[in-house]
Amino acid sequence: LCLGDQLALLCLHADDAGVVLFDVDERTARLGAFAGYLATHVGMADAFFDRYPNAQAVYELLINSGMFEDECLKRLQVALVWLSDAATSAGLHFDVSERAYTAMADYRLPQVLMNEGVITITAAAQGKLSQQLLDMEIEGDIRAATIVACEELARQSGYPEVAVDRALWHASQVIIATGGMRVPAMRVATRK
C-alpha cells in the first residue's frame, strides 16, 4: 500500500476488529487519491485557513476534487463543519454559517430516526434493509426523508439542522452502545 492508502485505512478504521465496510478497497483507493489531490492543491496545512478562509473557498477546492458530488452534499457539509470545528478550537476565523446546512443524512441518522419511528418504510424496503441489499432508490428516499425530518426537528426546536444532526448522531451511538438499535444501518452505494 502507498502511504495515502495506509492513512485511508486508518481513517476508515478498516483494520479494527468487527468493522465491515462496503467496498473497502475502492474507498481506500479514493481516499488515497484525495490525499494526493489535497497535497497538490493545499500544500502546507498551517496556512490552510489563510488560503481557504470561508465555506465558498473550501467548496471550490473540494468540489473540484470529484469526491464531493453526491446529491445530498453530505460529505461536503461534513468537511465544512469539521473545518469550522477545527478553526474554532484553534482560535482561527473561518467564515461559515451552520444555519445554511441541512442535516447530513449519514447512515446513522436515518437508522436512529427509523428506530424511533420518526421515519417508516415499506415492508419491501425493510426486507432489503434487513438483508443489507443495495438499492440506490431506497437509499435516496431514506436520505431525503432524513433531511426533511431533521429540517422539521430543527424548525420545532429552534436549533440549526447541524445541531440536530449532531444530536441524532450522538443518540445513535448511545442507542447502539446500550443495545437498543433494532434497525440495521442501510448499505450506502454512493462512491462520492
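In helix α4, which spans residues 55–63 of this predicted model, the residues Ala55, Ala57, Val58, Leu61 and Leu62 are buried. These five buried residues lie on the same side of α4, because they cover an arc of only 160° around the axis. At the start of this helix there is also a contact that involves a side chain, for a side-chain oxygen of Asn54 reaches to within 3.2 Å of the backbone nitrogen of Gln56.

From α4 we can step back to the whole chain, whose secondary structure comes to nine helices and zero strands, so that reading along the sequence gives the pattern α-α-α-α-α-α-α-α-α. Of the 192 residues in the chain, buried residues make up 40%.

Some of the buried residues of α4 appear again when we turn to the largest nonpolar core, which has 23 residues. Those with the most contacts inside this core are Phe48, Tyr52, Val58, Leu61, Leu62, Phe68 and Leu80. Two or more residues are given to the core by each of the elements α2 (24–41), α3 (48–51), α4 and α5 (74–89), and the largest share, six residues, comes from α5.

Helix α5 also holds Ser84, and one may ask whether this residue is buried or exposed. Ser84 has a relative accessible area of 10%, and because a residue counts as buried when this value is under 20%, Ser84 is buried. Although Ser84 and Val96 are twelve residues apart along the chain, their C-alpha atoms are separated by 7.0 Å.

The last stop on this path is empty space rather than packed atoms. Rolling a probe the size of a water molecule over the atoms shows where empty space is left. How many cavities of 30 Å³ or more does the structure hold? The structure holds one cavity of that kind, and the largest cavity has a volume of about 80 Å³.

The lining of the largest cavity is made up of Ala125, Lys128, Leu129, Gln132, Leu133, Leu134, Asp135, Ile138, Glu139, Ile142, Met186 and Arg187. At least two residues of this lining are supplied by α7 (123–130), and at least two by α8 (136–157). Sorted by class, the lining has seven nonpolar residues, one polar residue and four charged residues, with Leu129 and Ile138 among the nonpolar ones and Lys128 and Asp135 among the charged ones.

Conventions:
Residues numbered from 1 in each chain as written. Predicted model: local features only at pLDDT ≥ 70, side-chain atom pairs only at ≥ 80, totals over all residues. Heavy atoms only, no water. Buried < 20%, exposed > 50% of the residue type's maximum accessible area, 1.4 Å probe, protein only. Helix = DSSP H or I, 4+ residues; strand = E, 2+ residues; numbered from the N terminus. Arc of directions from axis to C-beta. Polar contact = N/O pair within 3.5 Å; in protein donor to acceptor, adjacent residues only side chain to side chain. 1 Å grid on protein atoms, 1.4 Å probe; cavity = no way out; pocket = protein on both sides within 12 Å on 5 of 7 lines; lining within 4 Å. Points joined across faces, edges and corners; volume = space filled by probe spheres on them. Core = buried A, V, L, I, M, F, W, Y, C linked by side-chain atoms within 4.5 Å.
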